[in-house]
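Student: I'd like a close look at a single part of this model, please. Could you choose one strand and walk me through its pairings, and then carry on to the contacts around it?

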Amino acid sequence: MTLPESGNSTVPYATGHTDRLITDFTEPIFAAAFQCYFAELGIEVPDWGRLFRQMNDEGSNTALLRTTADGRAIGFIQFQPIEFTSWFFRETCGFIREFWVAEDFRSGGHGAALLGLAEAHFVEQGMHTSILTTDTVPDFYRKRGYIQAPGCEARNGGAVFVKRLD
């Protein structure tokens, strides 16, 4: 797997799909995919433009967007660095914020590939732990080396999973 370098760069594959690293969440294909994702979750957003501008303004968000040769969204994974600190230590982890694969493309390896690309990006950026929350597909993450963090719970009550990256 090859990761796009930075900004809004693209990596095309012989199989006909393209991966694009994006930081502008108002990008139409990403925005439409994100809206499908939230619709599947039953989440209503009164002002999509405002939400995407907020995501841009946070500054640390990045997403990998996978599209077909004809420009349809296969899926995306959105992530950012997150720092955990205490008096004795500090660790910056890669936090997977949102992750979605379109129903027509599920079980085709795209989710595993996007997750692997995000993990590779984390390591490239000096982060050696990936962390995420989920309330939908915990077995997907377990199969890829994530473990549920005992005693740790997301604010929404979802499970927290971590993976050491080497």
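**A strand and its partners**

Tutor: Let's start with one pair: Ser130 has Lys163 as its bridge partner in S8. Before going further, please keep in mind that this is a predicted model, in which local features need pLDDT of at least 70 and side-chain atom pairs count only at pLDDT 80 or more, while totals for chains, interfaces and linings use all residues. Residues are numbered from 1 along each chain as its sequence is written, and side-chain values use heavy atoms, with hydrogens and water left out.

Strand S8 covers residues 159–164; strands here are DSSP runs of E with at least two residues, and helices are runs of H or I with at least four, both numbered from the N terminus. S8 runs antiparallel to strand S6 (residues 129–134), and six bridges join them. Strands count as paired if DSSP finds at least two bridges between them. S8 also pairs with strand S7 (residues 147–153), in the antiparallel sense and over three bridges. Within that pairing, Gln148 has Phe161 as its bridge partner in S8. S7 and S8 make a hairpin with five residues between them, and Gly157 in the turn has a positive phi of about 90 degrees.

Now for the side chains. Glu119, which is found in helix H3, touches S8 through Lys163: setting aside neighbours within four places in sequence, Glu119 is in contact (heavy atoms within 4.5 Å) with Tyr146, Lys163 and Leu165. The side chains of Glu119 and Tyr146 are also joined by a polar contact of 2.7 Å, a term for a pair of N or O atoms within 3.5 Å; within protein, one must be able to donate a hydrogen and the other to accept it, and residues adjacent in sequence count only if both atoms are side-chain atoms. Glu119 is buried, at 11% relative accessible area. On that scale, buried means under 20%, exposed over 50% and partly exposed in between, using a 1.4 Å probe and protein chains only.

S8 has a charged link as well. Arg164 forms a salt bridge with Glu91, with 2.8 Å between the closest N and O atoms. This pair connects distant parts of the chain, since Arg164 belongs to S8 and Glu91 to strand S5, 73 residues apart. A salt bridge here is a side-chain nitrogen of Lys or Arg within 4 Å of a carboxyl oxygen of Asp or Glu. Arg164 is exposed, with a relative accessible area of 52%, whereas Glu91 counts as partly exposed at 26%.

For context, a search of the whole structure finds nine salt bridges. Among them is Arg66 with Asp19, the closest N and O atoms being 2.7 Å apart. Arg66 lies in strand S3 (residues 62–67) and Asp19 in strand S2 (residues 18–22), so this pair ties together parts 47 residues apart in sequence. Both Arg66 and Asp19 are buried. Another salt bridge joins Arg106 to Glu40, at 2.6 Å between the closest N and O atoms. Here the link spans 66 residues, from Arg106 in the loop between S5 (90–101) and H3 (110–124) to Glu40 in helix H1 (residues 28–41). Arg106 is partly exposed at 39% relative accessibility, and Glu40 is partly exposed at 44%.
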